[in-house]
Amino acid sequence: MTTELTGGSKGQRRREAILQLLKQQGRITITEMVERFGCSEATARRDLEQMEGVYPVIRTIGGAMYDGMGTMRELPFAEKEGLSILEKEKIAALAATLIQEGDVIGLSGGTTNFLLAKLLKLRKGITVVTNAVNIAMELAGSQIQVVVTGGIMRHNSFELCGPLGEGMITNLHIGKMFIGIDGISAGGGISSYSEQEAQIAKALIKRSQETYAVFDHTKSNRNSLFSVADVAELKAVITDRPLSGDLAAELERHGVTVYVTD
């Protein structure tokens, strides 16, 4: 990539060295950056923020990871949970405002939907249909009615998948379905790294009146391996940065509402 990062030559050399470390190690922490380069934590965070906009770098809570694959790959839930956490919290908060008492909503797996479930714990008069064990457990003890689909649990995501769950879903009527995704693009629609999760997501969408894709900016204009739904099947998307290019045009063409956090 030929685009240069802003800043003086010393800062540019430091960021180039950080990039080389990321390529070698796959990830780096703020603490490591401070120790290696003698910079402040604030400078280290600014470096990563600038690099994320130019290079295939994804910020995490305590540092960053390198994403040189160009397509989204599957990570364990515990590792996903630390990626873009502040952005995901804002997306979850915005999604929560679209849910009212009396709603029957669906929550697929994923860290953003897990954060949404945390916000819903204090609510009442809502029914949640989910195929994610961790989301069901998060809502345990609340005044939310929880319906858990069957299936075999995938350990990376805690999602229940397979024919058992798909068969149960055919008997359900879901109002608003919130789908966590691994990628979204104009041509590829929404996609998932896992074939099993893609299949269960398709079943949930089929039984829903409205589908909302929830994702942070790192998923935009990315294709994962397995297709879940075309853009035209969505009611809305909820994300943390304004969309642009072909994706924005395709959403507008199909009348898909775009919600962007402040």
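Two strands count as paired when DSSP finds at least two bridges between them. With that in hand, we can walk through this predicted model, starting with its sheet.

Take strand 5, residues 124–130, which runs parallel to strand 6 and is joined to strand 6 by five bridges. Within this pair, T127 sits opposite Q145 of strand 6. Helix 5, made of residues 85–96, packs on the sheet and touches strand 9 (174–180), strand 12 (208–214), strand 14 (236–239) and strand 15. The direction of helix 5 makes about 140 degrees with that of strand 14.

Now step back to see the whole sheet. It is open, with seven strands in the order 6-5-4-9-12-14-15, and the pairing is parallel. At the edges are strand 6 (143–148) and strand 15 (257–260), each of which pairs on one side only. From one strand to the next, the twist averages 25 degrees. As background, the strands of a sheet pair through backbone hydrogen bonds, in either a parallel or an antiparallel way.

Another helix to look for is helix 6, residues 111–120, lying across strand 4 (104–107), strand 5, strand 6, strand 9 and strand 12. Helix 6 runs at about 145 degrees to strand 4.

At the other end of the strand order, strand 14 and strand 15 are paired in the parallel sense through four bridges. Here I238 has Y259 in strand 15 as its bridge partner. Together with helix 10 (residues 245–253), strand 14 and strand 15 form a right-handed β-α-β unit.

Next, follow the chain's helix 1. Helix 1 (residues 9–25) packs against helix 2 (residues 30–37) at an angle of about 130 degrees, and their axes are 12 Å apart. The two helices are therefore oblique to each other, and helix 1 passes helix 2 in a right-handed crossing. On the helix 1 side, R14, A17, I18, L21 and Q25 make the contact, while helix 2 contributes E32, M33, R36 and F37. Sorted by class, this contact of helix 1 with helix 2 has five nonpolar, one polar and three charged residues.

Helix 1 also meets helix 3 (residues 41–52): their axes come within 11 Å and cross at roughly 75 degrees. Helix 1 and helix 3 are therefore roughly perpendicular to each other. R14, R15, I18, L19 and L22 of helix 1 make this contact with T43, D47, L48, Q50 and M51 of helix 3. The residues in the contact of helix 1 with helix 3 divide into five nonpolar, two polar and three charged.

Conventions. Residues are numbered from 1 along each chain as its sequence is written. This is a predicted model: local features need pLDDT of at least 70, side-chain atom pairs count only at pLDDT 80 or more; totals for chains, interfaces and linings use all residues. Side-chain values use heavy atoms; hydrogens and water are left out. Axes are lines fitted to C-alpha atoms, for helices over the stretch in contact, and angles run from 0 to 180 degrees between N-to-C directions. Contact means heavy atoms within 4.5 Å. Angles under 35 degrees count as roughly parallel, over 145 as roughly antiparallel, 65 to 115 as roughly perpendicular and the rest as oblique. A crossing is left-handed if the near helix is turned anticlockwise from the far one by less than a right angle, and right-handed if clockwise. Ala, Val, Leu, Ile, Met, Phe, Trp, Tyr, Cys and Pro count as nonpolar, Asp, Glu, Lys and Arg as charged, and the others, Gly among them, as polar. A crossover is right-handed if, with the strands pointing away from the viewer, the path from the first strand over the helix to the second runs clockwise.
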